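Let us learn to read aromatic rings in a protein model. Look at the rings as you go.

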Amino acid sequence: MKTIKYSLSLGLLLSLASCADDQIVDFKTEKPESIAQYEYLNAYDALKTYIDRSASPDFKLGIALSASDFLKGEMVRTMAISNFDEMTAGNAMKYASCVNDKGDMDFGTVEKFVSAAQAAGITIYGHTLAWHAQQNNKYLNSLIKDKEVEDDGSVKETVVVARDFEDGQHFGGWGGATFAVVPEGPDGSNCWKITNEIAKNFWEVQSALDMPFEAGVLHRLSFKLKGSVSGLLRAGFQNSSNYGSCGDFPAMEVTTDWREISVEVTATEGANRFLFSYGDYAGSLYIDDFAIHTEKSGASVQIPVFVVEDDFSTNNMIGWGNNSTREVNNGVMEITNPSQVNPWEAQAGYDFSESLLEGTTYFLKMNIKGSVEGNIGAAFQRPTDYAGRGDFPSIAITTDWKEIKVSTSCTGDGATRFLFNLGQYAGTIYIDDLSLYWEKSSNSIPLPPEEKKDTLIWAMNNWVEGMMKATAGYVTAWDVVNEAISGGGDNGEGFYPLQSASNVSADDAKNNFYWQDYLGNEDYVRIVVAAARKYYAENGGTAPLKLFINDYNLESDWDDNKKAKSLVHWIKKWEADGVTQIDGIGTQMHVSCYANAATQKSKEDHVVQMFEILAASGKLVKISELDMGYIDENGTSVKTENMTEAQHKAMAEYYKFIVKKYFEIIPAAQQYGITQWCATDAPSDSGWRGGEPVGLWDSNYSRKHTYAGFADGLAGK
């Protein structure tokens, strides 16, 4: 659904009296100089007079317009009353036009629009109750924002990293020092020994641990320390990309006896390296039980940051080796390894676009069972050279479902792969609800999905109730849900899925609010339909309420009308509960007439096929937003000022074709109506098809050839 912007001429109103708002005006064309072929347009009557009311008794001819322009009582109002049965407001009845950042609703314009339409005897088609665009994102997102954790006055300590050196591993470094793990700790256990023979500047000899540290958080460094001689040891955080300091701990005194060290500093933005600096210390340093902790108030929680979150609605796993297979059945991953081999000879897992964070602890959580009992391994890998980057503990599999949660640290750079090592397990492994994540500290916690859904159901009901009160039963037909179907992908049944923040561009995901992501693909429409019927009946609605699902590109030839087929499929799913009733389908038809004959034929064929698909659905059918541009032989959209008479006439013929085919293919009982989306050609600065010849009138409200084509289509000529 696009925003309409009009540039309206008042020329034809100059001779009208003050009460002219309700007069019928012919809107005939002025004769352009030297263009006699336009004279025939003066013989045409108002558009709605060409409808055969006996053959199509329920058909409504509509026009899209600005509610504020209609309320002015000038050209737009007169044009609408003269030529059309029904109006669609371009923006006035949309969520963002009525709901402010605090959630307050203002239906003043809607109420005036309804009153003016009643007085003029013209109906309103409601546009639109539910949509992902033109929502008040700020308000809606505030309803489902993370919940602040209450501060109970306690302090929570989290271990960021800890090393006791019992595994024989130590930090690396540079500047000429030597390193070893020796059994010379305070209790005879292993400790890290650093030997620097020659004193230099303290920053010239260092040891480092590369991993991210949270900015703005107090970090406490604790360890046991002694030296072969007395001196100083320095430590701090750094940004490894520019070597900038990101917080220095106080210098620590080194004695020849073991002592406990505990110092603190707040890490700053960009901290991704911890450093010991000891270039000015000549001797041996001994370090044991090293740890870095963060301390926060009790009003903090650990939030999972997902690397992989897979419910196996589709098959996203990679894998290979030993003729093993990976197949998703009923939302469960089934991995079959036919025979026992070395662990690494049969593998399955995931590749990531970004490397894991070295030194960070990662958690693997899933439900798992097997056809037989056994064990498998899991690990991180750098795929460029297959180097290991951290092993999870062995995972025991039983023949009953169980939830497992294991963790490991990423031990090096370039880790962009997670793998199950399956070779020693001969049989079938079943996995469900797998997640791989790390945790960050936060002072707030996300609302559970159930709470978000419940909150947004309330918000949707509140909005629909407000709109139904404002329209007071006068608006009896609505786009109940607008543009729900995506134009690509597969829902697993051979049809397009619904639009979602997960399958649109980053800008669309940011700027829109996808209700279906929170309410669910099936419940989304059911909730809106139920709210519309409930609040319509409670607020004066007595005539049958007609609810439409409206979408664009249903006539598309590039996918052989797959979107139209997908919409019909989804309507069946939404109605499968036996309660939800969707009355009609709206097809937007923002089309173009093509100079290329083969292209134009394909477009026309798929318009016919779309009407056949919609007719077969048994639903009411409305061309909800018909307008047209022109595409030349080079595939370029032609602006109004560059259009030729032949091109205008070709557009008229296409209008005639579309309207005529609607009446020929859609049974009379299913003919709700046709709405022309643009009365006049679009101004060059229009936000919708700017500068294109989209109107039935030109910018001065003189009839165009397209007016004749549209009228002839209505008349069945």
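The dialogue below covers ring pairs, burial and charges over rings.

Q: What kind of model is this, and how are residues numbered?
A: This is a predicted model, where local features need pLDDT of at least 70, side-chain atom pairs count only at pLDDT 80 or more, and totals for chains, interfaces and linings use all residues. Residues are numbered from 1 along each chain as its sequence is written, and side-chain values use heavy atoms, with hydrogens and water left out.

Q: How many aromatic pairs does the structure hold?
A: Rings of Phe, Tyr and Trp (its six-membered ring) pair if their centres lie within 6.5 Å; planes under 30 degrees apart are stacked, over 60 edge-to-face, the rest tilted. The structure holds 44 such pairs. One of them joins Tyr125 and Tyr672: it is tilted, with 6.0 Å between centres and 55° between planes.

Q: Which parts does the pair of Tyr125 and Tyr672 tie together?
A: Strands are DSSP runs of E, at least two residues, numbered from the N terminus. Tyr125 is in strand β3 and Tyr672 in strand β35, so the pair links parts 547 residues apart in sequence.

Q: Is Tyr125 buried or exposed?
A: Buried means under 20% relative accessible area, exposed over 50%, partly exposed in between (1.4 Å probe, protein chains only). Tyr125 has 1% relative accessibility, so Tyr125 is buried. Tyr672, at 7%, is buried too.

Q: Where does the charged end of Lys405 sit?
A: A charge sits over a ring if NZ of Lys or CZ of Arg is within 6 Å of the ring centre and within 35 degrees of the ring normal. The charged end of Lys405 sits over the ring of Phe363, 5.2 Å from its centre.

Key:
Helices (H or I, at least four residues) and strands (E, at least two) are DSSP runs, numbered from the N terminus.
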